[in-house]
Amino acid sequence: ALQTFALVAYISNMDASLDTNTRDIARHEIRIAEMEKTTQELRVLNARIDENIKAIREMMETSRKASGR
């Protein structure tokens, strides 16, 4: 009877751990999805910054050529 009780307690504990792990995995999946979205937004922003820098650089080179420097 004592062994049966211990086995039931052990299985119950494992079931609780499984439930906790399942909730944690779901929470982590949500966080990962949010991080992927943020990363993509940062990539787009970085590309825009790069394009702006390129345009500024071209503008400065054109200005230098026009002023004869």
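**A single helix, questioned**

Leu-7, Tyr-10, Ile-11 and Met-14 form a nonpolar surface patch in this predicted model. Together, these four side chains offer about 430 Å² of accessible area.

Q: What makes Leu-7, Tyr-10, Ile-11 and Met-14 a nonpolar patch?
A: Leu, Tyr, Ile and Met are on the list of nonpolar side chains, and a patch joins such side chains within 5 Å when each residue has over 30% relative accessible area. Leu-7, Tyr-10, Ile-11 and Met-14 are grouped on that basis. Leu-7 itself lies in helix H1.

Q: How many helices and strands does the protein have?
A: One helix and zero strands. Helix H1 covers residues 2–67.

Q: How do you know that the protein is not a compact globule?
A: Set the radius of gyration against the globule rule. For 69 residues the rule gives a value near 11 Å, but the protein has 29 Å. The C-alpha trace spans about 100 × 15 × 5 Å along its principal axes.

Q: What share of the residues is buried?
A: Buried residues make up 0% of the 69. The cut-off for buried is under 20% relative accessible area. The protein exposes about 6,700 Å², and carbon and sulfur atoms supply 59% of that area.

Q: Why is the contact between Arg-27 and Asp-24 called a salt bridge?
A: The limit is 4 Å between a side-chain nitrogen of Lys or Arg and a carboxyl oxygen of Asp or Glu. In the pair Arg-27 and Asp-24, the closest N and O atoms are 2.7 Å apart. That value is within the limit, so the pair qualifies. A search of the whole structure finds one salt bridge.

Q: Where do Arg-27 and Asp-24 lie?
A: Both are in helix H1. They are three residues apart, about one turn of the helix.

Q: Why are Arg-27 and Asp-24 called partly exposed?
A: Partly exposed runs between the buried limit of 20% and the exposed limit of 50%. Arg-27 has 44% relative accessibility, so Arg-27 counts as partly exposed. Asp-24 has 26%, so Asp-24 is partly exposed as well.

Q: Why is Arg-43 called exposed?
A: Exposed means over 50%. Arg-43 has a relative accessible area of 55%, so Arg-43 is exposed. Arg-43 lies in helix H1. The C-alpha atoms of Arg-43 and His-28 are separated by 22 Å, with their positions 15 residues apart along the chain.

Q: Are Glu-34 and Thr-38 buried, partly exposed or exposed?
A: Glu-34 has 48% relative accessibility, so Glu-34 counts as partly exposed. Thr-38 has 40%, so Thr-38 is partly exposed too. Glu-34 is found in helix H1, and so is Thr-38.

Q: How far from Met-60 is Glu-34, and from Leu-7 is Thr-38?
A: Glu-34 and Met-60 are 39 Å apart, C-alpha to C-alpha, at a sequence separation of 26 residues. Thr-38 and Leu-7 are 46 Å apart in space and 31 residues apart in sequence.

Q: What makes Asp-50, Glu-51, Glu-58 and Glu-61 a charge patch?
A: Asp and Glu count as negative. Like charges are joined within 9 Å, provided that the residues have over 30% relative accessible area and no salt bridge. Asp-50, Glu-51, Glu-58 and Glu-61 gather on the surface as such a patch of negative charge. Glu-51 is in helix H1.

Q: How far apart are the mean positions of the positive and negative charges?
A: They are 13 Å apart, for 11 positive and 11 negative charges.

Definitions and conventions: Residues are numbered from 1 along each chain as its sequence is written. This is a predicted model: local features need pLDDT of at least 70, side-chain atom pairs count only at pLDDT 80 or more; totals for chains, interfaces and linings use all residues. Side-chain values use heavy atoms; hydrogens and water are left out. Helices (H or I, at least four residues) and strands (E, at least two) are DSSP runs, numbered from the N terminus. The radius of gyration is taken over C-alpha atoms; the globule rule is 2.2 Å times the number of residues to the power 0.38. Buried means under 20% relative accessible area, exposed over 50%, partly exposed in between (1.4 Å probe, protein chains only). Accessible areas come from the Shrake-Rupley method with a 1.4 Å probe; for residues, only the protein chains shown count as cover. The place of a charge is taken as NZ of Lys, CZ of Arg, CG of Asp or CD of Glu.
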